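User: I should like to work through this structure by means of questions and answers. Please reason through each step before giving the result.

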Amino acid sequence: MAHPPPRYPIEIVRRLAPPAPARIGGRVVTVGDGAVFVRDVTGMVWVEIAEGVELPALGAWVLAGGTWNGQRIAEGSIEVVGTPRVGFPPPDGEWLRLSGDQGRRTEILRRRSEILRGIRDFFDQRAFIEVETPLVVPSPGLDLHLDALEVVGERDRRWLVTSPEYQMKRLLAGGLPRIYQLSRCFRRAEEGDLHQPEFTMLEWYRAFGGSEEIMRDTEQLVSSVAMLLHEGSTVIPGRGQPVDVAPPWERLTVREAFRRHAGVEADSLLDDEERFYRTWIEQVEPNLGLSHPVFVTRWPAQMASLARLVPDDPSVADRVEAFVGGVELSNGFGELTDPVEQRARLDRDQQARRAQGKPVYPVDERFLAALEEGLPPAGGNALGVDRLVMLVLGASDIRDVVAIPHDRL
């Protein structure tokens, strides 16, 4: 008995020199007179059904075989391997969501996969080690503007990570000099065009480096992803306006950004943090990196978080944010390594959260113990992968670039 030909993706069948035996798997999206249109993730093809063979129902999953004649699969046989139990396609079903727009969402997910491979290749080629740290942690961080999701049922109180920073810095203290991670992160009450409560974060750390090395990593990474997806070009679609991400990117201090885009002195707003951020969000941020990306550097010291203060100007922190097309893409630091200063900052963060009626999370004592053990000078960065995919592929909404957005759960 002859073996059937191998099952190919439809796009491969279309490249075969006719006549050629062909076998495919896919879903029936059109039923015609003696033929069906079968679709898989790579394309669609007509399959002519041999006389006397019953046509499958619309939406059936099938294995089809026959002879590829350059236009269709002729003399076809067909085996139904799955049948929908509802009318196909259901209006709020997964098929229409992923395939109803000519497969645009499916193509985005395929290209997102390419981007993730490109990110890993970038860091692997630079001798970084990919790590995985826990998602359930004893402290999710104390940033005043981030709220965590608590994990119910643990013996001790635990939260989902808002960032893997504490755990990755422990690995630096343990002697791993270059590390990166593609981590799922979780932040409560964050949802919109640029936010999801669950998202993918790329975080990396360089021992014996600082913010300058991190900025070079960032611009080189983004340009390499752009060239991978756009046939060697560094121009990406952005959010409706093309952006050339070729290095080097502009460096702009916070003070310069406020003067240029809001016409005010940043220092004059520091006594009113709400006004500072409102001016930033409404007047400054939307104008950053519109045609070419920009790094915003030297943030006010009170916004240092886990960054060191700049040695030549302790009124500002060695914190760097990257903006592409008016979108914040990453937030990086020349890292604070002083355990005494870090504990004092965490204590202040707890007090600030308590004063605003926010949940007060514990201090991560193992993180502080790692700083006591000794952390090498280092730079680190946290980059939003979903936002990178958006910008590189020209999507306007973060929900378009994730497999299942939060509002579909």
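Analyst: We may begin with a residue at the surface. The model is a predicted one. At 37% relative accessibility, V31 lies between the limits of 20% for buried and 50% for exposed residues, so V31 counts as partly exposed.

User: Which residues form a nonpolar patch on the surface together with V31?

Analyst: V31 belongs to strand 1, which covers residues 20-31. The patch has about 200 Å² of accessible area in total. The partners of V31 in this patch are L55 and L58.

User: Why are the buried residues of helix 7 said to lie on the same side, and what arc do they cover?

Analyst: Helix 7 spans residues 273-284, and its buried residues are F276, T279, W280 and V284. They are on the same side of helix 7 because the arc they cover around the axis is only 100°.

User: Which exposed residues does the face turned away from the buried side of helix 7 carry?

Analyst: The buried side is covered by elements including helix 6 (254-262) and strand 19 (319-324). The face turned away from that side carries the exposed residues E274 and E282.

User: In the open sheet of three strands, which are the edge strands?

Analyst: The strands follow the order 16-18-17, with antiparallel pairing. Strand 16 and strand 18 are joined over two bridges, and W299 stands opposite A317 of strand 18. An edge strand pairs on one side only, and this applies to strand 16 and strand 17.

User: How many residues apart are R112 and D386, which form a salt bridge?

Analyst: The closest N and O atoms of R112 and D386 are 2.8 Å apart. R112 counts as buried at 9% relative accessibility, and D386 counts as buried at 2%. The pair links helix 3 with helix 10, parts of the chain that are distant in sequence, at a separation of 274 residues.

User: Which elements does the salt bridge between E250 and R260 tie together?

Analyst: The closest N and O atoms of this pair are 3.1 Å apart. E250 is partly exposed at 32%, and R260 is partly exposed at 48%. The two residues are 10 apart in sequence, and the elements tied together are strand 14 and helix 6.

User: By about how many helical turns are R345 and E341 separated?

Analyst: Their side chains meet in a salt bridge of 2.9 Å, N to O. R345 is buried at 7%, whereas E341 is partly exposed at 28%. Because R345 and E341 are four residues apart in helix 8, the separation is about one helical turn.

Conventions:
Residues are numbered from 1 along each chain as its sequence is written. This is a predicted model: local features need pLDDT of at least 70, side-chain atom pairs count only at pLDDT 80 or more; totals for chains, interfaces and linings use all residues. Side-chain values use heavy atoms; hydrogens and water are left out. Patches are made of residues with over 30% relative accessible area and no salt bridge: like charges are joined within 9 Å, nonpolar side chains (Val, Leu, Ile, Met, Phe, Trp, Tyr) within 5 Å. Accessible areas come from the Shrake-Rupley method with a 1.4 Å probe; for residues, only the protein chains shown count as cover. A salt bridge is a side-chain nitrogen of Lys or Arg within 4 Å of a carboxyl oxygen of Asp or Glu. Buried means under 20% relative accessible area, exposed over 50%, partly exposed in between (1.4 Å probe, protein chains only). The arc is that of the directions from the helix axis to the C-beta atoms. Contact means heavy atoms within 4.5 Å. Two strands pair if DSSP finds at least two bridges between them.
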